Amino acid sequence: MANPFSAAPTPHRVNARGRWWYANCAWDAFGILAALHTDGRIEGECPDCGDELSFDVAGARPSDDSLLFHCLVPARHWWDDIVYT
């Protein structure tokens with residue numbers, strides 16, 4: 001693993017610059033696009049209901065402005081137990 005990239009397949013996939021990348025989590029999927037300084041497409045699934053999610057990101061903004069990213073753990077504590085987070 002080299003954050004935000006995952007060497008192992010995950011449910012969080014990013015299409016950018018003509019290839020697919022795996023992210024460690026949904027948040028890291030945005031990080032891949034930021035690290036590559038490019039637009040792209042993020043595909044994954046809702047961790048609550050399992051519905052498929054897919055949207056484009058252009059200019060660092062998702063094409064669907066109704067999306068919500070919610071973390072139960074405050075960002076300052078993510079690395080206290082990153083596996084749980």
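# A guided tour of a six-stranded open sheet

Begin with the sheet: six strands form it in the order β1-β3-β2-β4-β5-β6, the sheet is open, and the pairing is antiparallel. At its edges lie β1 (5-6) and β6, each of which pairs on one side only. The model on display is a predicted one.

## The whole chain

Display the entire chain in cartoon form. Its secondary structure comprises one helix and six strands, and along the sequence these follow the pattern β-β-β-α-β-β-β. The C-alpha trace spans about 35 × 30 × 20 Å along its principal axes. How does the radius of gyration of the chain compare with that of a compact globule? The chain has 13 Å, which agrees with the value near 12 Å that a compact globule of 85 residues would have.

Next, colour the residues by accessibility. Buried residues account for 24% of the 85 residues in the chain. The accessible surface of the chain amounts to about 6200 Å², and 55% of this area belongs to carbon and sulfur atoms. If contacts are drawn between residues at least 6 apart in sequence, 25% of them join residues at least 24 apart.

## The edge at β1

Select residues 5-6 together with residues 19-23. These are β1 and strand β3, which pair in the antiparallel sense over two bridges. Which residue of β3 is the bridge partner of Phe 5? The partner is Ala 23.

## From β4 to β5

Move to residues 40-45 and 52-58. Here strand β4 and strand β5 pair in the antiparallel sense, over six bridges. Pick Gly 44 to find one of the contact points between the strands: its bridge partner in β5 is Leu 53. While the strands are in view, recall that side chains in a regular strand alternate between the two faces of the sheet.

Now follow the chain through the turn. β4 and β5 form a hairpin with six residues between them, and Gly 50, in that turn, has a positive phi of about 85 degrees.

## From β5 to β6

Continue to the hairpin of β5 and β6, which has two residues between the strands. Gly 59 in this hairpin takes a positive phi near 60 degrees. The two strands pair in the antiparallel sense over two bridges, and Ala 58 stands opposite Arg 61 in β6. β6 is also an edge strand of the sheet.

## The segment after β6

Select Trp 79, Ile 82 and Val 83 and show their surface. Together these residues form a nonpolar patch on the surface, with about 390 Å² of accessible area. Within the patch, centre on Val 83, which lies in the segment after β6 (61-62). Is Val 83 buried or exposed? Val 83 counts as exposed because its relative accessibility is 78%, where the cut-off for exposed is over 50%.

Finally, select Thr 85, which is also placed in the segment after β6. Thr 85 counts as partly exposed, because its relative accessibility is 37%. Which residues does Thr 85 touch, leaving aside its neighbours within four places in sequence? Thr 85 is in contact with Val 73, His 77 and Trp 78. To close the tour, draw a distance from the C-alpha atom of Thr 85 to that of Arg 19: the two residues are 66 residues apart along the chain, and these atoms are separated by 28 Å.

Terms used. Residues are numbered from 1 along each chain as its sequence is written. This is a predicted model: local features need pLDDT of at least 70, side-chain atom pairs count only at pLDDT 80 or more; totals for chains, interfaces and linings use all residues. Side-chain values use heavy atoms; hydrogens and water are left out. Patches are made of residues with over 30% relative accessible area and no salt bridge: like charges are joined within 9 Å, nonpolar side chains (Val, Leu, Ile, Met, Phe, Trp, Tyr) within 5 Å. Accessible areas come from the Shrake-Rupley method with a 1.4 Å probe; for residues, only the protein chains shown count as cover. A salt bridge is a side-chain nitrogen of Lys or Arg within 4 Å of a carboxyl oxygen of Asp or Glu. Helices (H or I, at least four residues) and strands (E, at least two) are DSSP runs, numbered from the N terminus. Buried means under 20% relative accessible area, exposed over 50%, partly exposed in between (1.4 Å probe, protein chains only). Two strands pair if DSSP finds at least two bridges between them. The radius of gyration is taken over C-alpha atoms; the globule rule is 2.2 Å times the number of residues to the power 0.38. Contact means heavy atoms within 4.5 Å.
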